[in-house]
Amino acid sequence: MKSKIKNGALYPYDDLDKSEMKPVWDKLDEALNDERATNIAVSAPYDTGKSSFLLSYFTQKYKDNLNQKSYKFHWLPWRLHFHRFPYYYFYNKSALLDKARLDRKIGKTNFKFINLPNFFLEVKDKKESEIELEKDIIGQLLFSSKQQKYPDSRIKRLKQYPLRIILFFFIVSVLFVISTYLVEQNVTKIDSTASSFQLIIRTVSILTGIILLFSIFYIMFHGLPKIGWSISTKILDTKLDAKFDMNSEKEDKDLFLLYGDELKYYFSKSKVRYLIFEDLDRYDNPLIFQRLRQLNLNLNHGDKNKIVFIYTLKDSVFDSNESGRYDNQLDPIIKETKFFDYIIPMIPLHSTQNSISRFEKEINNKNNLQVNNVKEDSKYCYSVQEKYLWGLGSFILDIRTIIQICSELSYYAELFRVRLDNKEIDINKLLGMIVYKTVYPRDYEKLLSSDSFLNQLFLEINKQKERNLEERKSEIRKLENKIKDIDKKLQYIRNNKELYLNIFYDKFLNNIGKYRDIKYESNTFYKTKFWNEFFKDVSEEKKNIQDFFEWDDELTETFKEIREGTFDRTKSKLYSRLKEQISKYYEQKNILQSLIENETFLDILDEKYDGSGYKALSNIRKLPILNYLLTNELIDQNYYEYISPSLTNDLTPPDLDFVQNVLNGIYDEGQNLQNISRIVEILNNSGANYRYAQSVKILSYLLVQPITSNIMQYIKTIIYYCKDSNRLNFIERCIDNLKIYQSDSIQIEESKISGIKALISALFYEYPEYFISFDRGFNPKFVQKNSDIFETFFSTLSKKVTSKELISEKELFDIFIKYNVFKNIDFDKLIMNWKDDSWMNLFDEDRIYLFSNLSKIFSGNLTQSDRARISFLIRNGDYTANIDNFSLIVRAVGGLTNLIEKEKVFWEIDDNYIVTCLPSFLYDENLNYENLIVSVKFAKSLYNNQQKINLISTLINYTKQARKQNKISDDEYEKIIGILQVNN
């Protein structure tokens, strides 16, 4: 059935065309034309359009009658025609409809609707319900009519006397009194010319007397029966006035019989021939139909015009057996067919497809809404996504509910227009909130009092999210411990592999002699030769090596064939097994970390809950529409933004608790806060003491605000009073919130840089002991996070952030020195990887830290950037404090030869430092011909003094040792000794 779309109207439509419902229209025509049919049922489920159909049917019939009458008198003179039937009715269908509606309202039509809805009353007493229904029906029939039209009605009703009627009788009474008085006084005898006047006076007296006498007789004639009726109804306690007696204890009163004459009188005087009863089936009381059928028979008794009762109801109205068990399965339909003369069915056309169509039509009919940008001029319309209408249409099939939702959405869109235009809120989420308001009105009303189901649901979601976070962090810590254990085992294998192989080699080299003159070196020839002998060996020592590395014979033969049994590539079964295990642990850790970083409230909803601690989450599945709104993010934790434009950024229940605690001087960590800006606004306006606002979210929010003296004071207060046991973790979580990402906009990045400078400045002023943590070692993550913010603090970009509340770079560098921050090797290593602009700002001309041992900081392979920074530090720092730095310098310049012959002057290396470090440097792997020859040349270049003599003596001994260990050849030995023996 097509329906005329009205803008949010929920009443039945009266302008449906016959073509839109021709089968049921024709069927009703047939039933009404049957002279014997007086009880007709229009049967269909709720929300099928029964009322709209009947109202349109009878209104159209009345319009056709008006049109015929207008055409019937078209031959009359224009003025008479217009007076009886306004001329435009004949041409204007809209005007005809307006006329029909007016006549229907004032009771001039031949049909009348009796509306008896029951939405709230739980019917328990069928007899009492029947009596109440009879009262309602009689009341709507008799009290809706004007008293003047029914002068013989014995029911007392409020009588309305128009001013013109009162004025008329007043004038008549005055004329009667005056004229009678003048006649009695015979005032016209003086002048014979007044005889005509006397006649007029007498005539007026007689006429007014007749009128008054008729009025008295009229009142007495119509009034006396009413007096007797009033007395009898009072005695029987059945009086039916404008207010019914609801407390009568008698249950055997037959109101239709008692007021039968009154009802017959009503139908005889009125034009009503069709009485339509709506929603009687909602009372679940079939007895009322029995009473109405009897009333209908009484009204149609005799040769009077036929009175037809029409009922709109559902098919199950006569089915009182809820169990579904019958002695006769046809019993309900037998009752129904016996009661009604005709039953006209209306097919329910509503389905998901109908609902989505109605949603679309209602939304597109609004001036400020559209579906998927379908309107040509969509600039001023907010677009609702069609996918949500399909989803909602699967749950909401009631037409009136759809109309109401779309009407409210249009209204709310106007209220929220500014925020919608500014993209602060979303029209689809506004739709979700309207649906929630419509479907769950009682819970919606509780939102502002913070005790609604939705409030509790999000509290439980946040609680479960925190629980999941702690559980996953705990699991990650366990995995990290397992990873550390495996790392130790792997490192043990890596370290001892070479050790065990060398022991194996030494045993056979020194004792068995099998590998004499065979040495494991990087040279491919020696490597292959060594392993050839190894694979041939069958000694117990080799078996021990195999057992340690878990090498089986098959693996050994593989090594033999591919010749890849090197120290770096040799891996045992144990080693491979540990590597696989550690890879699984890393994978599990990454999964848990991803869950921590990406978990949404939808993930929480997907879990299953069963327990008293989660009443809302346990019951959410029982509320399918709300569950759909949540899972499709039409309602999220920002639902409060959509309650009212005046409640923008208002407080959620956790927010309100936090504010109240802070204002009451109670420490609160505020873990589940949502509307931070609103909270801060209230705290500021209330003059709250931020000492009690121990929330990471509050501090993080304050840090990224423009730096003012007030903001800085709030930050300092929070940091000063944060509890000692949680202090470092508190600061660390704030640092996490200040992390800068590549996806951050320039504005966000600048606010985070400002926040970092504000945080470090507050630590400097209120919690300088924080920096002692670096000297105590602390975990690498703590050091890493602080290194990141310190790098940002010293970056060139941070120089744009200026305020008298902030500390200078020099002050921070000095506190590094004071609290031995640079003594943390992990921190030093991170510093050396800073970007150039931050690193150079840290160590400028005024700030050079004297690292005692740079070799621990630069322990791995050196990059070009490492070499540049080592050069800077060596040239500006006290590199002589530790001889280990010498090996680092040699590595940085590319060898001892480069240092002595090329880089010594540029690096500003003192000869005395080289003399001091050479004996320690020339050891083990550094003891070779190249290093010896350049050292000898350096020694010979020194001035003749004891230091030179001592160095030459040391070099002679090293040369002899190198020859003995076969690290230099005889010719190389002779060449070095020859240089040493030459006098300068």
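## A tour from salt bridge to surface patch

Select K799, which at 43% relative accessibility counts as partly exposed (buried is under 20% relative accessible area, exposed over 50%, partly exposed in between, with a 1.4 Å probe and protein chains only). You are looking at a predicted model, in which local features need pLDDT of at least 70 and side-chain atom pairs count only at pLDDT 80 or more, while totals for chains, interfaces and linings use all residues. Residues are numbered from 1 along each chain as its sequence is written, and side-chain values use heavy atoms, leaving out hydrogens and water.

**Stop 1: K799 and its partners**

Now add E809 to your selection. Its side chain meets that of K799 in a salt bridge, 3.1 Å from N to O (a side-chain nitrogen of Lys or Arg within 4 Å of a carboxyl oxygen of Asp or Glu). This pair links distant parts of the chain, 10 residues apart: E809 belongs to helix α34 (residues 809-818), and K799 to the loop between α33 (780-794) and α34. Helices here are DSSP runs of H or I with at least four residues, strands are runs of E with at least two, and both are numbered from the N terminus. Unlike partly exposed K799, E809 is buried, at 13% relative accessibility. Add D844 and R847 as well, and you have a salt-bridge network that links them with K799 and E809.

**Stop 2: two arginines**

Across the whole structure, a search finds 23 salt bridges. For another of them, select R417 and E414, whose closest N and O atoms are 2.7 Å apart. R417 is partly exposed at 24% relative accessible area, and E414 is also partly exposed, at 41%. Then go to R419, which forms a salt bridge with E424 at 3.0 Å between the closest N and O atoms. Here R419 is buried, at 9% relative accessibility, whereas E424 is partly exposed, at 47%.

**Stop 3: two polar side chains in loops**

Pick N372 in the loop between β6 (369-371) and β7 (382-384); its relative accessible area is 37%, making it partly exposed. Which residues does N372 touch, leaving aside those up to four places away in sequence? They are S383, V384, Q385 and E386, where contact means heavy atoms within 4.5 Å. Between N372 and E386 there are 6.2 Å from C-alpha to C-alpha, with their positions 14 residues apart in sequence. A polar atom of the N372 side chain lies 3.0 Å from the backbone nitrogen of E386.

Next comes Q694, in the loop between α27 (676-685) and α28 (696-703). Q694 is buried, with 5% relative accessible area, and its side chain reaches the backbone oxygen of R691 at 2.7 Å.

**Stop 4: the cysteines**

How many disulfides does the structure hold? Zero, by the cut-off of two cysteine sulfur atoms within 2.5 Å. Show C722 and C734 to see an example: C734 has the closest cysteine sulfur to that of C722, but at 8.7 Å it is too far for a bond. C722 is buried, at 2% relative accessibility. C381 is buried too, at 10%.

**Stop 5: a nonpolar patch**

Finish with L167, F170, I171, V174, L175, V177 and I178, which make up a nonpolar surface patch of about 620 Å² accessible area together. Such a patch joins nonpolar side chains (Val, Leu, Ile, Met, Phe, Trp, Tyr) within 5 Å, from residues with over 30% relative accessible area and no salt bridge; areas come from the Shrake-Rupley method with a 1.4 Å probe. Zoom in on I171, in helix α6 (residues 163-185), which is partly exposed at 41% relative accessibility.

Conventions: Patches are made of residues with over 30% relative accessible area and no salt bridge: like charges are joined within 9 Å, nonpolar side chains (Val, Leu, Ile, Met, Phe, Trp, Tyr) within 5 Å. A polar contact is a pair of N or O atoms within 3.5 Å; within protein, one must be able to donate a hydrogen and the other to accept it, and residues adjacent in sequence count only if both atoms are side-chain atoms.
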